[in-house]
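Dear colleague,

I am passing on a structure that I would like you to look over, with the sequence and coordinates placed just below. My notes follow after it, arranged by topic.

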Amino acid sequence: MFLRMWRAVGVQSVRQTRRTTARLCSSGPEKPSSSSSSPRLHAEKQRRRRERDEAILSSQHSEAADKAVSWSEKVKISYTAHTPPGTKKDTSVPLPSAYSSDFVESSWYQWWEKEGFFKPEQHERLSQAVDRTFCLCIPPPNVTGSLHLGHALTVAVEDALVRWRRMQGYRVLWVPGCDHAGIATQSVVERRLQREGRTRQQLHREEFLQEVWRWKEDKGDEIYQQLRTLGASLDWSRSCFTMDPDFSRAVTAAFVRLSDSGLIYRAEGLVNWSCALESAISDIEVDSVELSGPSMLTVPGYEEKVEFGTMTTFAYPVEGLEAEVSEVSVSTTRPETMLGDVAVAIHPDDPRYQALHGKHCRHPFTNRLLPIITDPEVDMGLGTGAMKVTPAHDHTDFQLSQRHSLQRLTVIGGDGKMTPSCGEWLQGVKRFAARKLVVEALVEKKLFRGKRSHAMTLPVCSRSGDIIEPLLKKQWFVRCKEMAKKAVQAVDDGELEIIPHYYTKTWRNWLSNISDWCISRQLWWGHQIPAYRVHFPHESSHADEELWVCGHSEEEALHRAAVRYTVKPEDITLTRDPDVLDTWFSSGLFPFAMLGWPQQTPDLQRFYPNSLLETGSDLIFFWVARMVMLGTELTGQLPFKQVLFHSLVRDKYGRKMSKSLGNVIDPLDVIHGVSLERLEEKVREGNVELKEQQVALQAQRKDYPQGIPQCGTDALRFALCSHRIQGEDISLSVSQVLSCRHFCNKMWQTVRFTLGVLENNAAPAETLEEVAPQSSMDRWICSRLYSTVLQCEEALEAYELHTVTAALYSFWVHSLCDAYMEYMKPLLHTHTDPGVRQAATVVLYQCVCVSLALLSPFMPFITEELWQRLQPPHPGASVGPLGASAAPPSLCLQPYPRSTQLAHWYFPEEERDFLLVQEVVRVARSLRAQCGLTKERPAMWAVCSPSQAQVLLHFQSAVATLSRISSLHIHCPDGADLHGTTPPAGGLVGLVDHTCQLHLHIQGVVDVGRQMVQLSQKRDRLGLKLKELQLRVNCPQYKQKVPAHIQQQTDSKLSALLQELKTIEDQLKVLQESQTIK
């Protein structure tokens, strides 16, 4: 449900200067200017959108991007051991040779849940328990929906933080919830009834509500099962549905308290109205459709398409003027509303209309006199400089009517038909049919002055597809001004921290200009408003007056009415308001209602205020501000101490993922894989316009020609957390998730290697504190691990998850696998000193175990699977790999590694010196590649400074192993003790830095002549390919006839061939020089 929040009555301080022209229904949060008033802005947005669409349709994206998403089907390996749901997975089953998410992600979650690992009560059994709590709620998704990548990002981020705090020993509570989604759910059930040949109106309210509850039971817990699939460590025993009895009581209590304190009132106000639903709706149910000009759109209830994106200009005759100015022209995008015009507004300083001050116009159809009023907010430079004023159907005009005490005339009813006040010729006519009749009548009366193209934003109901109509209705409102001041003050005083901090300015600006909030909806599904209209059957004095009273029950409301109006209860009749509360009202209570408020439950006392709220940045006003205001008012405390906003997820082309664009990616499709055919079916099944459907289908065929590969939950979570969530929007591509799946396989192979080492060596018995690395490489890898743990600690505290994932990936792949394990492999031979081999085994084991613990919050399934395999097999083992007195049953309860625990592993000089080693290895491997060495291991000389010589000697065995050389010789011209032998002539020379040179001795190792022949032959073959491509490119009219994307592919092939030929020439030159020297 979380996209944008509806804001009622109107936008304060809206620029009157806009709209001689456009009548745009938008009551959302205040924006710098309406897009309908800025043709340049519209044109720019349309241009960018066209370019993106054209790029998709014409395949103009890089070949590199195409290659990035290519993949081959992996063999799926399933876990087949008999494991009843909730029992621990059998880890004695042989470890498959390759990573498979099907195998890994089976059974673990059911065991975690059944064992109660996610409940705060588990805290008492943790050896690392601390007396601190960490509590947050998940932004409750709609009960009608399914999760998308935005939800997946929320889960990945929140679960990483939750699991981290739990492993730190905090008492953790993460509450799952689901929102009843009033309009969305009612719309779904009404469509279901229509398929059965029934309508809501044919049922009584209670009968319809029974249908809704039946639908909810049929749908089951689909959302909750999807959250489980994502690995969310939620406390399911405390799951919360916003229509649950306890939550409903909290909603009623909140309404009554706010009403008693004068913060809820009933008044007439202008609201966003869906004629199809016959209800006020929130901005969350409004889609903004950008129109660049005339557009024919389908509207529910109309057989023919309706034209939008035009501006109609017509004239009003001015009364009492026979001079040159006998009329005033106005413009509008909604001619049908002119029946509700009550005035014409001009700027007091506009020289064109000075003679019109104080004059009146005559309405051509109703014969009413319309005053010509002056208002400094009118923009003289827009349109004709005169604007029609329709207070009952335009938010800005409504405010103008308040300033000038103008009448508000409703001419469109809640059903979308013209009202009797329009006259018999229009009464009962649908509004857009009336639009055509009005224009024809204006032409007939010779008052029509033209129609032109007009860029505009059209508000459309996302649930029904209907065009939103601003209507004047009596509704319930919340006074927000004073509550908003407290919310601003909380941030200014540092009581509430907003992360990233740059959102504080946005927070302050919006809340400082807030208007009151309409909270009533004309629906049946939802929390019925606990307000009762009071009638006195035996009195006539109050017959025309609306008297209301609220209460927790009808009995309480009756008692309150009797006391307030000093009459006997039996002399009162109550009628409950049939409307329901805005869904956002109940969701705004979530942080404390989920804990049992208004009752002072143990959960409320222990976990309120919540520690953190984490959600999308687009909810800063629509949900977060409401929670802060309601929480502070109703509980006397802020609902949470910190707010962490993450960025929005976009597709690879930078477009916001939207159902209307057909580019939404289901996270389950990424986890389990999906065919291209099924992806296309989903687009066709969705409510996507034909043009957007074509773009969406083309993008799918290009991006996923083979469908989406199975990536698994861990890879998806790690990919999402690898983005900077506190920065710009995230453009996620499946290729990034696929790369993370490769990382999963890297982890898998690392543990397989480790298990193989442990089979041939004694199992490590030392704790972390007892492990004291001795060799240079052992000290280096341990120090690297310490530095990684320290980096993770600091980044997690700052919620910089991308820093954590980058550090962990770098350590595992580049330090552990590429360096330490490669160095270690020769040590496993039988001729190696057993003590050295055992020491390396201990270090490897501890490094892998600690790394798995560090990765656990991000990749819970694979880390649990691999960690369980590394545990001592015998039941008597009493020491856990991280030094706990007894290893917890699950990695998710294991203590999170601490830098203080590894302080004795910090060797900064080893880390600093190894940077030189890495550079030497890089240059040495480059020299090998230059002359085509594969298996050969030549000798190498390093000509360097004394300090560099000391480092290379310290890491001599590692340099030899990683550089794939037979021996390392040191020649130090400036060091007497380290002078060594000079390198022989005829070797390959590589430069490390200005004081260090490497000489690779290839004589006797490489058959130079044979190597040169092979390279020459390869050069000749590539040369022919190059000539063929060049001939093709140089053909006449190549640029004109060949499609742009083909030209781009050809250019890429040419560049690659030229680079490969240059490399061969360099290799030949080196070999020739070595022959000459020889």
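**Strand pairing near the C-terminal hairpin**

In this model, which is predicted, Leu988 stands opposite Leu1000, a residue of strand β33. Leu988 belongs to strand β32, which spans residues 988-993 and runs antiparallel to β33, the two being joined by five bridges. The connection from β32 to β33 is a hairpin, made through two residues. Strand β33 (residues 996-1001) also pairs with strand β30 (residues 939-943), again antiparallel and again through five bridges. Within that second pairing, Val943 has Gln997 of β33 as its bridge partner.

**Confidence**

Before going further, a word on how far the coordinates can be relied on. The mean pLDDT of the protein chain is 87, and 89% of the residues score at least 70. The extremes lie in helix α2 (residues 63-68), where confidence is lowest with a mean of 42, and in strand β2 (residues 171-175), where it is highest, at 98. Over residues 60-68 the pLDDT stays under 50, and the model gives this stretch 14 contacts beyond four places in sequence. A further stretch with pLDDT under 50 covers residues 874-879, for which there are seven contacts beyond four places in sequence. I would ask you to keep both stretches in mind while reading the rest.

**The mixed sheet**

Four strands make up an open sheet of mixed pairing, in the order β13-β14-β12-β15. Its edges are formed by β13 (360-362) and β15 (386-389), each of which pairs on one side only. Neighbouring strands in this sheet are turned against each other by 30° on average, when direction is ignored. Strand β12 (residues 343-346) and strand β14 (residues 369-374) run parallel and are joined by three bridges, and in this pairing Ala345 stands opposite Ile373 of β14. Helix α10 (residues 395-404) packs on the sheet, where it touches β12, β14 and β15, and its direction makes about 85° with that of β15.

**Nonpolar cores**

In soluble globular proteins, nonpolar side chains tend to be buried together. The largest nonpolar core here contains 181 residues, and those with the most contacts inside it are Leu227, Leu816, Tyr820 and Phe858. Another core lies apart from it and has 67 residues, including Val175, Cys550, Phe585 and Leu613. Beyond its neighbours within four places in sequence, Tyr820 is in contact with Met777, Asp778, Trp780, Ile781, Ser815, Ala840, Val843 and Leu844.

**Two buried charged-type residues**

Asp778, one of the contacts of Tyr820, sits in helix α24 (residues 776-797). Asp778 counts as buried because its relative accessibility is 4%, which is under the 20% limit. Setting aside residues up to four places away in sequence, Asp778 touches Pro773, Tyr820, Ala839, Ala840 and Val843. The C-alpha atoms of Asp778 and Glu910 are 9.7 Å apart in space, although 132 residues separate the two in sequence.

Arg228 is found in helix α8, which covers residues 222-229. With a relative accessible area of 16%, Arg228 is likewise buried. Its contacts, again not counting residues up to four places away in sequence, are Tyr109, Glu113, Trp236 and Phe861.

**Cysteines**

How many disulfides does the model contain? The count comes to zero, and two cysteines may serve as examples. The sulfur of Cys461 has its closest cysteine sulfur in Cys275, at 10.0 Å, and this is too far for a bond because a disulfide needs the two sulfur atoms within 2.5 Å. Cys711 is in no disulfide either, the nearest cysteine sulfur being that of Cys740, 8.8 Å away. Both residues are buried: Cys461 has a relative accessible area of 1%, and Cys711 has one of 0%.

With best regards

Note on methods:
Residues numbered from 1 in each chain as written. Predicted model: local features only at pLDDT ≥ 70, side-chain atom pairs only at ≥ 80, totals over all residues. Heavy atoms only, no water. Pairing = 2+ DSSP bridges. Buried < 20%, exposed > 50% of the residue type's maximum accessible area, 1.4 Å probe, protein only. Contact = heavy atoms within 4.5 Å. pLDDT = per-residue confidence, 0-100. Core = buried A, V, L, I, M, F, W, Y, C linked by side-chain atoms within 4.5 Å. Axes fitted to C-alpha atoms, helices over the stretch in contact; angles between N-to-C directions.
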